[in-house]
Amino acid sequence: MKFFLDTADIEEIKTGIKWGVVDGVTTNPSLYAKVGGSYEEILKEICGLTKGPVSAEVMSDDADGMVKEGLAFAKIAPNIVVKVALTTAGLEAISRLAAEGIKTNCTLIFTANQGLMAAKAGASLISPFVGRLDDINEDGMIVIQELAEIFANYEGLDHCEILAASIRHPRHVTESALAGAHVATMPLKVLEQMTKHPLTDKGIAIFKSDWAKATSGK
Ligand code: E4P
């Protein structure tokens, strides 16, 4: 399973990359708003830090505007993936960008049908938002499970990967992996939480203490 960092914060991305487990980055307008500056410059810098896909989100409502923004993003670096929200205009933009050979990440997906539509339109990544569904008392993981099952039923969807988004905690990652998501994008905090277990900390403390006893006086 691939792990993407869900942030526009350069220092967080550098930290995750050092751990050797980051395969790409997703940004969105809210994540960009947290860091500010020039979105284009930030994207350029992120693309210099990872060779993996870096999602850049378009903001137009109409397909022409989305395609225009997407073509401009694609010029920033070869690993840019144009992020487009799931609307009918978004589907048109995804299909037009795919025809130009530009990869897209269809975002704000909350049902398997929306994911299937985006994959059929030619999206390279589809992003079901697990956490935001959980937030409204639904089970976000069901969308991942349904999409994984649908993808397993057909060969024609091989161009597209299921990206579990809106990840809130480590169990979301485990459950997405078990359900068959190809990628999970998460905040650095969740990536770090995934390394933690109290018995690991306790074990290190015991080993240190035993080592000190065994080597004292040598
Ligand atoms: C990533 O591509 C999404 O934009 C992101 O995971 C959304 O996460 P949130 O629901 O925590 O804002």
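In which sense do β1 and strand β8 (residues 183–186) pair, and over how many bridges? I opened my notebook with that one, and the model I had on screen is a predicted one. β1 and β8 pair in the parallel sense, over 4 bridges. To place the register I looked for a facing pair, and found K2 opposite V183 in β8.

**Entry: the whole chain**

I stepped back for an overview before going further. I counted 11 helices and 8 strands in the protein chain. The C-alpha trace spans about 75 × 40 × 30 Å along its principal axes. Of the 218 residues, 45% count as buried. I also looked up how far along the sequence the contacts reach: among those between residues at least 6 apart, 55% join residues at least 24 apart.

**Entry: β1 and its other partner**

Back to β1. I checked burial in this strand, residues 2–6, and 4 of its 5 residues are buried, so β1 is largely enclosed by the rest of the structure. Besides β8, I looked at strand β2 (residues 24–26), which pairs with β1 in the parallel sense over 3 bridges. Here L5 stands opposite V25 in β2. I then followed the chain from β1 through helix α1 (residues 10–18) to β2, and this β-α-β crossover is right-handed.

**Entry: β3 and β4**

Next I moved on to β3. β2 and β3 pair in the parallel sense over 2 bridges, and the bridge partner of T26 in β3 is S55. β3 also pairs with strand β4 (residues 80–85), again in the parallel sense, over 4 bridges. For that pairing I noted V54 opposite I80 in β4.

Which residues of strand β3 (residues 54–57) are buried on each side? I found V54 and A56 buried on one side, and S55 and E57 buried on the other, so to speak a strand with both faces covered. The background I kept in mind is that side chains in a regular strand alternate between the two faces of the sheet.

**Entry: helix α4**

I traced the connection between β3 and β4 and met helix α4 (residues 63–74); together the three make a right-handed β-α-β unit. α4 has 12 residues and reaches 16 Å from its first C-alpha to its last, close to the 16 Å expected at 1.5 Å a residue. Its buried residues are A63, G65, M66, V67, G70 and F73. I looked for what covers them, and the list includes α3 (39–49), β3, β4 and α5 (88–99).

**Entry: T27**

Is T27 buried or exposed? I found T27 in the loop between β2 and α2 (29–35). T27 has a relative accessible area of 0%, which is under the 20% cut-off, so this residue counts as buried. Its side chain reaches the backbone oxygen of S55 at 2.6 Å. I listed its contacts too, leaving aside neighbours within four places in sequence: among them are T7, A8, Y39, L43, I46, A56, E57 and K83. S55 is on that contact list as well.

**Entry: the ligand**

Which residues are around the ligand? I wrote down D6, T26, N28, K83, F129, R132, A165, S166, R168 and T185. I then went through some side-chain distances from N or O atoms to an oxygen atom of the ligand. For D6 the distance is 2.5 Å. For N28 I read 2.7 Å, and for K83 the value is 2.7 Å.

**Entry: V130**

I picked V130 next, in helix α7 (residues 130–135). V130 is buried, with a relative accessible area of 0%. Its C-alpha is separated by 6.2 Å from that of I167, although the two residues are 37 apart along the chain. Beyond its neighbours within four places in sequence, V130 is in contact with G140, M141, I144, A165, S166 and H172. Two names there rang a bell: A165 and S166 are also among the residues around the ligand.

**Entry: T215**

My last stop was T215, in helix α11 (residues 198–215). With a relative accessible area of 30%, T215 is partly exposed. What does its side chain reach, and at what distance? I found the side chain of T215 reaching the backbone oxygen of W211 at 2.7 Å.

Conventions: Residues numbered from 1 in each chain as written. Predicted model: local features only at pLDDT ≥ 70, side-chain atom pairs only at ≥ 80, totals over all residues. Heavy atoms only, no water. Buried < 20%, exposed > 50% of the residue type's maximum accessible area, 1.4 Å probe, protein only. Pairing = 2+ DSSP bridges. Right-handed = clockwise from strand over helix to strand, strands pointing away. Polar contact = N/O pair within 3.5 Å; in protein donor to acceptor, adjacent residues only side chain to side chain. Contact = heavy atoms within 4.5 Å. Expected span 1.5 Å × (residues − 1). Near = heavy atom within 4 Å.
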